[in-house]
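Open your viewer and get ready to make a few selections. We will go from one stop to the next, with a note on what to look for at each.

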Amino acid sequence: MRPNFENTAIAFELKSDSQLERAYFLFKLISNEPLVRIGTAVTNFAIKAHLPVEGLIRATVFDHFCGGVNEEDCLPIIDNMYGNGVCSILDYSAEGKEVDNQFDFAMEKTLDILDFVKEKDAMPFAVFKPTGFGRFKLFEKISAGSELNENEKAEWGRIVNRFEKVCQKAHNLDVALLIDAEESWMQDAADDLVLEMMRKYNKEKTIVFNTFQMYRWDRMDYIKKLYEMASDQGFKIGAKVVRGAYMEKENERANDKGYESPICKSKQETDKNFDAAIAYMMEHLDQFTIFAGTHNEQSTLKLIDLMEKQGVPTNDERIWFGQLFGMSDHITYNLAANGYNSVKYIPYGPVKDVMPYLIRRAEENTSVAGQTSRELALITKERKRRKLED
Ligand SMILES: Cc1cc2nc3c(=O)[nH]c(=O)nc-3n(C[C@H](O)[C@H](O)[C@H](O)COP(=O)(O)OP(=O)(O)OC[C@H]3O[C@@H](n4cnc5c(N)ncnc54)[C@H](O)[C@@H]3O)c2cc1C
């Protein structure tokens with residue numbers, strides 16, 4: 001059945017009145033662009049200056065968009081959501097790390113989470129970010145085709161080993177592993193590495209997933225080439241399909257350096273590209289497992305229509321719908337209530353380390369006209385239904 005995204009009773013069932021009020025306050029705040037810009041700058045400064053702002057961040061954005069500072073904090077949330085049919089992906093979101101022991105730490109976290117995933121039905125995937133396992137600049141250098149010196153070669157070897165270790169463990173445990181996508185100027189190196197992992201570990205079933213950012217106009221060609229390769233060489237493609245989170249940065253860099261931006265010319269072009277990728281994968285469901293990471297209602301409904309047309313059951317293992325914790329509950333919970341595989345990314349980690357993630361969320365909700373107002377409209381509707389309005 002087609003889910004009804006207007007059903008706010010289902011969407012916010014797990015939110016207490018006070019949590020709903022906090023969400024209302026928060027989205028009102030971040031709908032104000034100048035306020036977000038000032039707030040971001042002040043918060044960054046305060047953290048660098050070691051001012052005691054963690055409490056304030058926790059009580060506002062952090063607790064809304066993150067599960068907690070460690071896995072234990074997240075467990076009650078995971079169980080609670082699973083009670084309403086929604087699965088979870090624990091996403092260790094510390095960003096901007098630069099040294100080997102921090103990369104090893106992130107890898108160990110992912111290895112531990114794979115054990116969790118094996119044990120808990122509520123957690124169908126683990127996830128990591130390529131630059132969580134190695135220096136951004138090295139991914140960038142390889143993507144640019146530059147020669148590495150001896151030290152860098154050894155460093156790259158350690159990154160490959162980290163990828164290898166987690167993918168091999170995921171394969172041994174028979175659990176799925178998502179790999180995020182980041183800025184285009186580091187992504188080629190990551191794509192090549194993930195391709196290697198898919199070749200090796202996706203022979204019988206889909207274990208390793210890459211992420212395709214459909215705001216990039218070159219991705220459709222890449223997906224088609226990958227499909228040809230996978231059919232010839234006999235491996236499955238795990239495909240997390242997203243629009244992409246780094247648009248402003250991408251356009252700015254292209255403009256500064258004077259090359260053509262890799263980003264589609266308009267939002268409509270991105271939307272078309274996203275829906276085309278999903279349609280292509282649905283045509284080749286023998287080879288693809290789809291993870292649609294989106295808050296876009298139209299794209300979600302289009303995928304549902306294709307599933308219906310092709311007679312694919314709502315809970316088919318090859319199709320997943322994902323949203324971020326703290327956003328688009330109306331999609332997540334109404335999908336789950338209608339039997340679709342629905343899952344939330346739950347970011348967690350020390351408050352100051354997840355700040356880049358939180359800032360992206362605040363900026364995204366500000367810059368994407370319509371998204372915040374949609375969240376606000378739904379929260380307002382639910383406040384009215386609960387008679388919370390003042
Ligand atoms: C579960 C999950 C996992 C994710 N993983 C990743 C990841 O690994 N890597 C990553 O980069 N992002 C990731 N994202 C974030 C995602 O890429 C988007 O930033 C976010 O979901 C908003 O897009 P949307 O499809 O939800 O919604 P929409 O609100 O419909 O689309 C907004 C998006 O459209 C694009 N857009 C907006 N304006 C324009 C314009 N003028 N021209 C061209 N394009 C435009 C941008 O990508 C923008 O983020 C993930 C999201 C989810 C839900």
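The tour visits the ligand, then a cavity, then a pair of rings.

Before you start, note that this is a predicted model, in which local features need pLDDT of at least 70 and side-chain atom pairs count only at pLDDT 80 or more, while totals for chains, interfaces and linings use all residues. Residues are numbered from 1 along each chain as its sequence is written, and side-chain values use heavy atoms, with hydrogens and water left out.

**Stop 1: the ligand**

Select the ligand and the residues around it, taking those with a heavy atom within 4 Å. You should find 29 residues, and the closest are Arg243, Gly244, Thr270, Thr294 and His295.

Now look at the polar contacts (pairs of N or O atoms within 3.5 Å). Thr270 places a polar side-chain atom 2.7 Å from a nitrogen atom of the ligand. Click on Ala181 next: a polar atom of its backbone is 2.9 Å from a ligand nitrogen. At His295, a polar backbone atom lies 2.6 Å from an oxygen atom of the ligand. The ligand taken alone exposes 930 Å², and the protein buries 89% of that (Shrake-Rupley method, 1.4 Å probe).

Which elements give two or more residues to this shell? Colour β4 (208-213), β5 (237-242), α12 (267-283), β6 (288-293) and β7 (319-324) to see them; these are DSSP runs, with helices (H or I) of at least four residues and strands (E) of at least two, numbered from the N terminus. The largest share, three residues, comes from β7.

**Stop 2: the cavity**

Hide the ligand and search for cavities: sets of points on a 1 Å grid over the protein atoms alone, where a 1.4 Å probe fits but cannot get out. There is one of 30 Å³ or more. The largest cavity has a volume of about 40 Å³, counted as the space filled by probe spheres set on the points. Select its lining (residues with an atom within 4 Å of a point), which includes Phe12, His64, Met327 and Asp329. Both α2 (17-30) and α16 (371-385) supply at least two lining residues each.

**Stop 3: a pair of rings**

The structure holds 16 aromatic pairs (Phe, Tyr or six-membered Trp rings with centres within 6.5 Å). Zoom in on Tyr227 and Phe288: their ring centres are 6.0 Å apart and their planes at 15°, so the pair is stacked (planes under 30 degrees apart). Tyr227 sits in helix α10 (residues 219-233) and Phe288 in strand β6, so to follow the link between these distant parts, trace the chain across 61 residues.

Note on methods
Polar contact = N/O pair within 3.5 Å; in protein donor to acceptor, adjacent residues only side chain to side chain. 1 Å grid on protein atoms, 1.4 Å probe; cavity = no way out; pocket = protein on both sides within 12 Å on 5 of 7 lines; lining within 4 Å. Phe/Tyr/Trp six-rings, centres within 6.5 Å; stacked < 30°, edge-to-face > 60°.
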